[in-house]
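Student: Could we go through this model together? I'd like to begin with how a pair of helices packs.

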Amino acid sequence: MNAATTDTHHDDHHDHGPAPGLMRWVTTTNHKDIGTLYLWFSLIMFFIGGAMALVIRTELFQPGLQVVDPQFFNTMTTMHALVMIFGVIMPAFVGLANWMVPIMVGAPDMALPRMNNWSFWILPFGFAMMLSTLFMEGGGPAAGWTLYPPLSLQGGSGFPFLIFSIHILGISSIMGAINIVATIMNLRAPGMTFMKMPLFVWTWFITAYLLIAVMPVLAGAVTMLLTDKYFGTAFFTAGGGGDPVMFQHIFWFFGHPEVYILILPSFGVVSEIIPTFSRKRLFGYSSMVYATASIAFLSFIVWAHHMFTVGMPVSGALFFMFATMLIAVPTGVKVFNWVATMWRGAMTFETPMLYALGFVIMFTIGGFSGVMLALVPVDFQYHDTYFVVAHFHYVLVPGSIFAIIGAVYYWLPKWTGKMYDEKWGKIHFWTSTFFVNLLFFPMHFVGLAGMPRRIPDYAVQFADFNAIATIGAFGFGFSQLIFVYVVVKCIRGGEKATDQVWEGAEGLEWTLSSPPPYHSFTEQPVVK
């Protein structure tokens with residue numbers, strides 16, 4: 001499959017040429033335009049969610065209540081999570097899928113272009129509605145992103161707006177997922193069997209099924225909250241015969257596959273980048289596909305590991321403990337395969353490769369703390385402490401976010417035809433890596449020492465580590481301005497990218513992660 005044949009479709013579906021200016025972006029059905037819209041939207045939400053995180057860290061810089069009111073602090077922890085999950089990581093990955101999946105499978109566009117347009121354009125309205133709750137009577141939601149009742153039922157007049165916005169975001173995700181499945185199933189180039197698809201396509205294919213399966217579960221849970229508050233039902237109200245713990249079961253049946261929705265596309269991105277800069281085919285392609293599928297399957301049967309402290313029977317706790325530990329096996333297979341790909345490869349360390357390596361190392365730290373949290377007797381101590389916060393942030397920031405940034409650096413030359421500034425890209429990587437560890441590593445220590453999460457004040461013995469973490473947070477946040485600078489500079493006036501962007505990796509970088517066709521680069525000596 002060659003780049004020329006997959007990539008020549010004209011840049012707009014309208015017969016009358018591209019619409020002028022703004023209307024082109026509003027009405028576009030071109031997968032590249034829509035991918036670009038998703039990525040810019042995600043970047044804007046990244047700074048909004050990051051500002052919320054900085055409010056949280058500013059309050060926690062010293063013990064005592066100094067900057068914000070505790071209610072507003074709780075609102076910030078809730079909104080920060082909702083914005084980062086539904087407004088940053090998911091749209092960014094959908095943007096990458098929109099851009100790359102049609103190109104990688106040899107399709108002229110996504111299967112359902114008009115639905116593609118709509119699934120993006122409802123997002124800004126959903127988030128405008130969610131953020132508007134901050135200005136309503138009673139303030140924004142303050143029950144954590146998990147929205148546990150009875151706490152979430154205390155919400156002010158913004159509560160129904162929050163629920164509706166979650167529905168809108170869910171609809172957007174489901175439509176995007178259906179579109180990706182339809183594209184991969186129906187529009188693959190002749191000869192591209194499933195086991196020849198690039199790994200990024202595979203990970204998104206599996207992620208899309210997860211989204212279709214679990215987003216309706218979240219919709220059901222929040223709708224039941226809504227009827228409990230306004231329509232006199234008692235699903236989760238103990239006084240009316242309901243059960244608040246049932247909400248946790250329904251929520252985490254969505255929430256656990258959701259965290260894999262946030263990480264599986266990262267695995268795909270890293271499986272594209274590492275072979276390119278190791279100048280080798282991906283080690284163990286089929287085992288990577290099966291590992292991804294088994295992680296997705298197991299993600300449905302581990303949800304109650306978020307709930308070990310609710311008083312479940314020992315047999316239940318044991319099942320969820322062992323099932324959770326089992327996820328470490330396919331994940332370990334993936335890490336092993338990435339390392340084996342690099343082994344004796346002709347490695348170079350351009351910015352995308354640095355991000356991929358940072359991902360592998362720091363994601364693995366998050367994986368190890370996850371295995372610790374899987375152990376029931378230990379989790380009784382760790383539950384709802386900062387150790388949990390450290391664990392999932394190591395998976396989601398140096399994990400998902402680094403993979404997204406690495407993907408942008410990796411594909412920017414393809415998207416823009418121009419090369420980004422390598423020196424500033426590397427500066428961005430090293431500052432981000434230094435500060436992200438300064439931010440999250442101390443949280444392991446305060447968590448093990450017993451500092452609870454979601455509190456605006458804390459005992460004085462945790463002060464030093466919290467001060468360090470806050471400095472890390474500001475450093476990491478401001479480092480991201482370098483990223484904006486590099487991307488804008490590249491788009492507006494980078495040097496023209498060559499046909500062979502990554503030296504010696506051949507023009508078609510992505511064939512590296514799938515079994516290459518005959519006459520691929522593996523049979524020709526690379527001429528420098």
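Student: How do the axes of helix 7 and helix 8 cross?
Tutor: In this predicted model, the axes of helix 7 (residues 199-230) and helix 8 (residues 244-261) come within 9 Å and cross at roughly 150 degrees, the axes being lines fitted to C-alpha atoms over the stretch in contact, with angles from 0 to 180 degrees between N-to-C directions. Helix 7 and helix 8 are therefore roughly antiparallel, a label for angles over 145 degrees.

Student: Which residues of helix 7 meet helix 8?
Tutor: Among them are Leu210, Leu211, Val214 and Leu218, and the helix 8 residues they face as a group include Phe247, Ile250, Phe251 and Phe254, where contact means heavy atoms within 4.5 Å.

Student: And how do the residues of that contact divide into nonpolar, polar and charged?
Tutor: They comprise 18 nonpolar, one polar and one charged, with Ala, Val, Leu, Ile, Met, Phe, Trp, Tyr, Cys and Pro counted as nonpolar, Asp, Glu, Lys and Arg as charged, and the others, Gly among them, as polar.

Student: New topic: what is the mean pLDDT of the chain?
Tutor: The mean is 91, and 91% of the residues reach 70 or more, pLDDT being the predictor's confidence in each residue, from 0 to 100. Over residues 1-15, however, the pLDDT is below 50, and over residues 506-528 the pLDDT is also below 50.

Student: What does the C-alpha trace span along its principal axes?
Tutor: The trace spans about 70 × 50 × 45 Å.

Student: Any ground rules?
Tutor: Local features need pLDDT of at least 70 and side-chain atom pairs count only at 80 or more, while totals for chains, interfaces and linings use all residues. Residues are numbered from 1 along each chain as its sequence is written, and side-chain values use heavy atoms, leaving out hydrogens and water.

Technical notes
Helix = DSSP H or I, 4+ residues; strand = E, 2+ residues; numbered from the N terminus. Parallel < 35°, antiparallel > 145°, perpendicular 65-115°, else oblique.
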